[in-house]
Amino acid sequence: MTPSDRRRGPGTPAWLPIRDELRGEEPYGAPQLDVPVQLNTNENPYGPSDAAADDIAASVRAVATGLNRYPDREATALREALAAYLGHGLDASRVWAANGSNEVMQQVLQAFGGPGRTAISFAPTYSMYPEYARNTHTRWVTGQRRDDFTVDVETALQLIATEQPDVVILTSPNNPTGTALDPEHTRAVLEAASGIVVVDEAYAEFRRAGTPTALELLEEFPRLLVTRTMSKAFALAGGRLGYVAAHPAVINALRVVRLPYHLSAVTQATAEAALRHTDELLAQVDALRDTRDRTADRLRMSGFTVAESDANFVLFGTFADRHATWQALVDRGVLVRETGPLGWLRVSIGTPAEMETFHTALQEVTSA
Ligand SMILES: *Cc1c(COP(=O)(O)O)cnc(C)c1O
């Protein structure tokens, strides 16, 4: 968590009997500014195809006449479709879905964290994790990544030995750095940890060739959870659908803490329809990976330091006053993210035309 990720508001009224740890807190979120080039929340710049959009519309229409009834509490058809997409011999009993992988992760901490329990992760990483910990009264501890943003396995094992965490959160590829984990390190963590180990693979589809997924380790490690999302590669951030693959006993624990009917019939129909168009929705992933690599090369040629990325964004720097750079880019209609270690900025990968605008604006800003 960096200072700019931590938003303190103008204050909570003294009369409001809010929990002490929430007093003065601001809700999480990147600025949603109405500028022409939005490269700040790692969305897919390519919307769903017409065929996918038509299927989504028809599927939502079909459930609309039944909206007087509660939806399928178990979202069985959707979980079957997600399991089929993941492969690796998974079925609905090993897959769980919720409103974004953010909700999945909060359910994980509700079930496996809580008062008297500890969760750990390795910074810099996703700035929402400490908020799930706060919301569930889970003690939050962070280890540090190396200067190149990889996780040093000795540091990780040492932290596990001293903290005995109930939950370890690994992120691969990591946000905001783009760093993928070495699978041997994931294995070492799984062997050392007595608690739950979550590998957040929100950006898995963007990883470079030869980078394995933690799904391969599920059979061997029943306390491993692998989370995914339809928000990034599937171009469905607005649909709110995240999911997790794990042992059926883990899935049952999440079913205990979920709110009744947490996944609406509209959401289930939307996600099921989107999954019928997986090939079309993922069609742009290769192009985005290519644009990512070209973006990183071009930033390096311009003299910036760029973190190795297996995701659909690039962390680059460093700037003496990154906020000034961020603002100057906004003034030129380009919105990037002010996140990560001080001095760095993160740019999500857009269309080639959007990236051209970004490079031009950045050049103007930094040569001025
Ligand atoms: C974007 C992102 C998610 C996905 O969030 P959703 O709630 O599924 O939209 C999860 N983890 C990380 C690290 C992310 O960057």
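pLDDT is the predictor's confidence in each residue, from 0 to 100. The legends below describe a predicted model.

**Figure 1. Confidence along the chain.** The mean pLDDT of the chain is 95. Of its residues, 97% reach 70 or more. The start of the chain reads otherwise: over residues 1-6, pLDDT stays under 50. For residues 1-6 the model has 14 contacts beyond four places in sequence. Where pLDDT is low, predicted coordinates should not be read in detail.

**Figure 2. Two domains and their contacts.** The domain assignment gives domain 1 (20-42 + 284-367) and domain 2 (50-278). Domain 1 is thus written as two stretches of sequence, 20-42 and 284-367. Domain 2 is written as one stretch, 50-278. The centres of domain 1 and domain 2, taken over C-alpha atoms, are 25 Å apart. Across the boundary, 23 residues of domain 1 are in contact with 25 residues of domain 2.

**Figure 3. The largest pocket.** About 730 Å³ of space lies in this pocket. The pocket is lined by 36 residues. Closest to its centre are Tyr-28, Thr-41, Asn-102, Tyr-126 and Lys-232. Where does the largest pocket lie with respect to domain 1 and domain 2? Both domains give residues to its lining, so the pocket lies between them.

**Figure 4. What lines the largest pocket.** Two elements, α3 (100-112) and α4 (129-135), give two or more residues each to the lining. Helix α3 provides the largest share, four residues. Sorted by class, the lining has 14 nonpolar, 16 polar and six charged residues.

**Figure 5. An aromatic pair between distant parts of the sequence.** The model has 11 aromatic pairs. One of them joins Phe-149 and Trp-344. Their rings sit 5.3 Å apart, centre to centre. The planes meet at 75 degrees, and the pair is edge-to-face. Phe-149 lies in the loop between β4 (139-144) and α5 (153-163), while Trp-344 lies in strand β12 (residues 344-348), so the pair ties together parts that are 195 residues apart in sequence.

**Figure 6. Two cis peptide bonds.** Look at the bond that joins Ala-123 and Pro-124: this peptide bond is cis, with omega about 0 degrees. Pro-124 lies in the loop between β3 (118-123) and α4. Another cis peptide bond joins Asn-175 and Pro-176. Here omega is about 15 degrees. Pro-176 sits in the loop between β5 (167-171) and α6 (183-192).

**Figure 7. A positive phi at Ala-235.** Which backbone angle of Ala-235 has a positive value? Phi does, near 55 degrees, in a residue other than glycine. Ala-235 is found in the loop between β7 (224-229) and β8 (242-245).

How values were computed:
Residues are numbered from 1 along each chain as its sequence is written. This is a predicted model: local features need pLDDT of at least 70, side-chain atom pairs count only at pLDDT 80 or more; totals for chains, interfaces and linings use all residues. Side-chain values use heavy atoms; hydrogens and water are left out. On a 1 Å grid over the protein atoms alone, a cavity is a set of points where a 1.4 Å probe fits but cannot get out, and a pocket is an open set with protein on both sides within 12 Å along at least five of seven lines; lining residues have an atom within 4 Å of a point. Grid points are joined across faces, edges and corners, and a volume is the space filled by probe spheres set on the points. Ala, Val, Leu, Ile, Met, Phe, Trp, Tyr, Cys and Pro count as nonpolar, Asp, Glu, Lys and Arg as charged, and the others, Gly among them, as polar. Domain bounds come from an automatic or database domain assignment. Contact means heavy atoms within 4.5 Å. Rings of Phe, Tyr and Trp (its six-membered ring) pair if their centres lie within 6.5 Å; planes under 30 degrees apart count as stacked, over 60 as edge-to-face and the rest as tilted.
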